[in-house]
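Reader: Hey, I have a structure open and don't know where to start. Can you walk me through it?

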Amino acid sequence: MKIGDTAPDFTLPREDGTMLTLSAQLARGPVVLFFYPKAMTSGCTAESCHFRDLASEFSKYDAIRIGISADKIEKQKKFSDKHDFDYPLLSDTDRKVAQAYGVRRPGPLFNRRVTFVIAKDQKLAAIIASELNMDKHADEALKVLAQLAGNK
């Protein structure tokens with residue numbers, strides 16, 4: 001996957017069991033899709049909470065934040081409830097979406113930590129990868145959203 005590519009569409013279950021489709025979300029605004037390795041771990045908690053804490057910044061751009069991991073719905077629900085996340089967490093247990101986005105690691109290894117900023121036209125505007133800098137994902141996504149909105 002590279003910038004300018006069309007983001008693969010998908011439908012996955014949210015932490016509450018309802019289904020979410022990427023293309024339906026894009027009708028509302030740009031999407032910041034962040035893949036994280038495992039719910040309830042320290043790094044993923046820090047990253048996810050940073051996305052939560054910047055809610056008002058993302059709302060300036062009508063951006064929809066979506067977290068995704070291979071965790072089961074029940075674990076995603078527990079993770080969301082524990083940290084009061086105001087955005088959906090998707091369950092990609094067979095890791096087909098992770099594979100489509102190129103973040104699936106082989107065998108039982110957890111997915112890579114990568115964030116995709118997807119413009120309303122379903123084109124990739126940015127790919128942000130960092131396994132160790134948990135704030136980089138949301139911070140860089142906001143910069144890209146500002147550029148998309150013409151606020152350089």
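Author: Sure. Keep in mind that this is a predicted model. Start with arginine 113, which counts as buried at 6% relative accessibility.

Reader: Why does 6% count as buried?

Author: Because buried means under 20% relative accessible area. Arginine 113 has 6%.

Reader: Okay. Where in the chain does arginine 113 lie?

Author: Arginine 113 is in the loop between H5 and S6.

Reader: And what is arginine 113 in contact with, leaving aside its neighbours within four places in sequence?

Author: Quite a list. Its contacts include Phe35, Tyr36, Pro37, Gly43 and Cys44. Glu47, Ile128, Met134 and His137 are also among them.

Reader: Which residue forms a salt bridge with arginine 113?

Author: Glutamate 47 does, and the closest N and O atoms are 2.6 Å apart. The pair links distant parts of the chain. Glutamate 47 sits in helix H2, and arginine 113 is 66 residues away from it in sequence.

Reader: Is glutamate 47 buried or exposed?

Author: Buried, with a relative accessible area of 0%. Arginine 113 is buried too, at 6%.

Reader: How many salt bridges does the whole structure have?

Author: A search finds 12.

Reader: Let's see another one. What does glutamate 131 pair with?

Author: Its side chain meets that of arginine 105 in a salt bridge, 3.1 Å from N to O. This pair also links distant parts of the chain, 26 residues apart. Glutamate 131 is in the loop between S7 and H6, while arginine 105 is in the loop between H5 and S6.

Reader: How accessible are glutamate 131 and arginine 105?

Author: Glutamate 131 is partly exposed, with a relative accessible area of 30%. Arginine 105 counts as partly exposed as well, at 26%.

Reader: Now helices. How many residues does H6 have?

Author: Helix H6 has 13, running from 136 to 148. From its first C-alpha to its last, H6 reaches 18 Å, close to the 18 Å expected.

Reader: Which residues of H6 are buried?

Author: His137, Ala138, Ala141, Leu142, Val144, Leu145 and Ala146.

Reader: What covers those buried residues of H6?

Author: The cover includes helices H2 (42–53) and H3 (55–59). Strands S3 (31–35), S6 (114–118) and S7 (124–129) are also part of the cover.

Reader: H2 again! How do the axes of H2 and H6 cross?

Author: At roughly 35°, and the axes come within 8 Å. On the H2 side, the contact is made by Glu47, His50 and Phe51. On the H6 side, His137, Ala138 and Asp139 make the contact. These residues divide into 2 nonpolar, 2 polar and 2 charged.

Reader: Which salt bridge has both residues in H6?

Author: Look at glutamate 140 and lysine 143, whose side chains meet at 3.4 Å, N to O. Both lie in helix H6, 3 residues apart, which is about one turn of the helix. Glutamate 140 counts as partly exposed, at 28% relative accessibility. Elsewhere, Arg14, Glu15 and Asp16 are joined into one network by salt bridges that share partners.

Reader: What follows H6?

Author: Glycine 150, with a positive phi near 85°.

Reader: Which residues other than glycine have a positive phi?

Author: Methionine 40 is one of them, with a phi of about 75°. Methionine 40 is in the loop between S3 and H2. It is partly exposed, with a relative accessible area of 29%. Aspartate 84 is another, with phi near 55°. Aspartate 84 lies in the loop between H4 and strand S5 (89–91).

Reader: Is aspartate 84 buried or exposed?

Author: Exposed, at 59% relative accessibility.

Reader: Last topic: serine 80. Where does it lie?

Author: Serine 80 is in helix H4, residues 73–83. It is buried, with a relative accessible area of 6%.

Reader: What does serine 80 touch, not counting residues up to four places away in sequence?

Author: Glu15, Phe85 and Leu89.

Reader: And how far is serine 80 from serine 48?

Author: The two are 32 residues apart in sequence. In space, they are 9.3 Å apart, C-alpha to C-alpha.

Key: Residues numbered from 1 in each chain as written. Predicted model: local features only at pLDDT ≥ 70, side-chain atom pairs only at ≥ 80, totals over all residues. Heavy atoms only, no water. Helix = DSSP H or I, 4+ residues; strand = E, 2+ residues; numbered from the N terminus. Expected span 1.5 Å × (residues − 1). Buried < 20%, exposed > 50% of the residue type's maximum accessible area, 1.4 Å probe, protein only. Contact = heavy atoms within 4.5 Å. Salt bridge = Lys/Arg side-chain N within 4 Å of Asp/Glu carboxyl O. Axes fitted to C-alpha atoms, helices over the stretch in contact; angles between N-to-C directions. Nonpolar A, V, L, I, M, F, W, Y, C, P; charged D, E, K, R; others polar.
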